[in-house]
Amino acid sequence: TLGGLFSVIIKRNTPYPVTETKFGFRTIEDHQTEVLFRVFQGERPVCVANQFLDKFVLRNIPSKWAGEVRISVTMKIDENRILKVYATEQSTGIRKGIKIENANGKLTDAEIKQFIEKAERMKQDDEKLKQKIKARNKLQLLAYDLRRFANDEYPRKFHNENTRRIVRKKVDEVLKWFNSNPIVPIDLIEAKYEDLLLIKRK
């Protein structure tokens, strides 16, 4: 998901065969027509800390404003431990997926044990990182919203052209800061968010 957060769909030790679906995934860019999905094994809150299994791309989704396209992801593990993962765009039913043979066999029992032990050791650090990524995601999405509101293509929230120009400039400054500062304290991220939130409320 946005910012590299990991979204668990089938929890560890769930008996199989099993099917689980998670809703609420959405596009993060205006007029986005495809979404990359990466599949991991693990339960740590960031993708890079888990075991990568495979990836696929959902294409030809409706071209809409960021956040307006909703996608669900379904995972199925059958009695032969074959994992099937597919994403479905909710308004059109467009679907794409992959099949991963013996997904549980990608790691040995010893490696799984090491992953679990490391996850336990890193639990507090992972939680701090998770909260920081969530704060960055909130800031980024709010900036995208404001940029869209100030864009001539969108039904206008800011009716005055001078106001729209000021908003666009402020958003550009925040996004430039955002992209240039991947490692900053969470309080600075939250302060930037509050600044933009004041603009949105006007």
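How many helices and strands does the protein have? There are 4 helices and 6 strands, and please keep in mind as you look around that this is a predicted model. Starting from the N terminus, the elements follow the order β-β-β-β-β-β-α-α-α-α. Below is a friendly tour, from the whole chain down to single residues.

**The whole protein**

- Taken along the principal axes, the C-alpha atoms fill a box of roughly 60 × 40 × 20 Å.
- The protein has 202 residues, and 38% of them count as buried.
- Take the contacts between residues at least 6 apart in sequence: 63% of these join residues at least 24 apart.

**The sheet**

- Four of the strands make up an open sheet, in the order β1-β4-β5-β6.
- The pairing in this sheet is antiparallel.
- As general background, strands of a sheet pair through backbone hydrogen bonds, and the pairing can be parallel or antiparallel.
- Which strands sit at the edges? They are β1 (18-26) and β6 (95-100), each of which pairs on one side only.
- From one strand to the next, the twist averages 15°.

**The β5-β6 hairpin**

- Strand β5 covers residues 83-89, and 6 bridges join β5 to β6.
- These two strands run antiparallel.
- Two facing pairs help you find your way along them: T88 stands opposite R95 in β6, and Y86 stands opposite G97 in β6.
- Together β5 and β6 form a hairpin, with 5 residues between the two strands.
- In the turn of this hairpin you will find G93, which has a positive phi of about 80°.

**Helix α2 with helix α4**

- Helix α2 spans residues 123-149 and helix α4 spans residues 186-201.
- Their axes come within 9 Å and cross at roughly 25°.
- Angles under 35 degrees count as roughly parallel, and α2 and α4 are therefore roughly parallel to each other.
- The crossing of α2 and α4 is left-handed.
- On the α2 side, the contact is made by Q131, K132, A135, R136, K138, L139, L142, A143, D145, L146 and F149.
- On the α4 side, the contact is made by I186, I189, K192, Y193, L196, L197, I199 and K200.
- By class, the residues of this α2-α4 contact divide into 12 nonpolar, 1 polar and 6 charged.

**Helix α2 with helix α3**

- Helix α3 spans residues 161-180, and its axis and that of α2 come within 9 Å.
- What is the angle at which the axes of α2 and α3 cross? They cross at roughly 150°.
- Angles over 145 degrees count as roughly antiparallel, and α2 and α3 are therefore roughly antiparallel to each other.
- The crossing of α2 with α3 is left-handed.
- From α2, the residues making the contact are R136, L139, Q140, A143, Y144, L146 and R147.
- From α3, they are V167, V171, V174, L175, W177 and F178.
- The contact of α2 with α3 has 10 nonpolar, 1 polar and 2 charged residues.
- R136 is worth a second look: this α2 residue takes part in the contact with α4 and in the contact with α3.

**A residue to find in α4**

- E190 has its place in helix α4.
- Is E190 buried or partly exposed? E190 counts as partly exposed because its relative accessibility is 42%, and the range for that class lies between 20% and 50%.
- E190 and R136 are 54 residues apart along the chain, and their C-alpha atoms are separated by 8.2 Å.

**Backbone details to look for**

- Y16 and P17 are joined by a cis peptide bond, with omega about 10°.
- P17 lies in the segment before β1.
- N13 is also found in the segment before β1.
- The phi of N13 is near 70°, a positive value in a residue other than glycine.
- N13 is exposed, because its relative accessible area of 68% is over the 50% cut-off.
- R81 sits in the loop between β4 (70-77) and β5.
- Although R81 is not a glycine, it has a positive phi of about 65°.
- R81 is partly exposed, with a relative accessible area of 32%.

Definitions and conventions: Residues numbered from 1 in each chain as written. Predicted model: local features only at pLDDT ≥ 70, side-chain atom pairs only at ≥ 80, totals over all residues. Heavy atoms only, no water. Axes fitted to C-alpha atoms, helices over the stretch in contact; angles between N-to-C directions. Parallel < 35°, antiparallel > 145°, perpendicular 65-115°, else oblique. Left-handed = near helix turned anticlockwise from the far one by under 90°. Contact = heavy atoms within 4.5 Å. Nonpolar A, V, L, I, M, F, W, Y, C, P; charged D, E, K, R; others polar. Buried < 20%, exposed > 50% of the residue type's maximum accessible area, 1.4 Å probe, protein only. Pairing = 2+ DSSP bridges.
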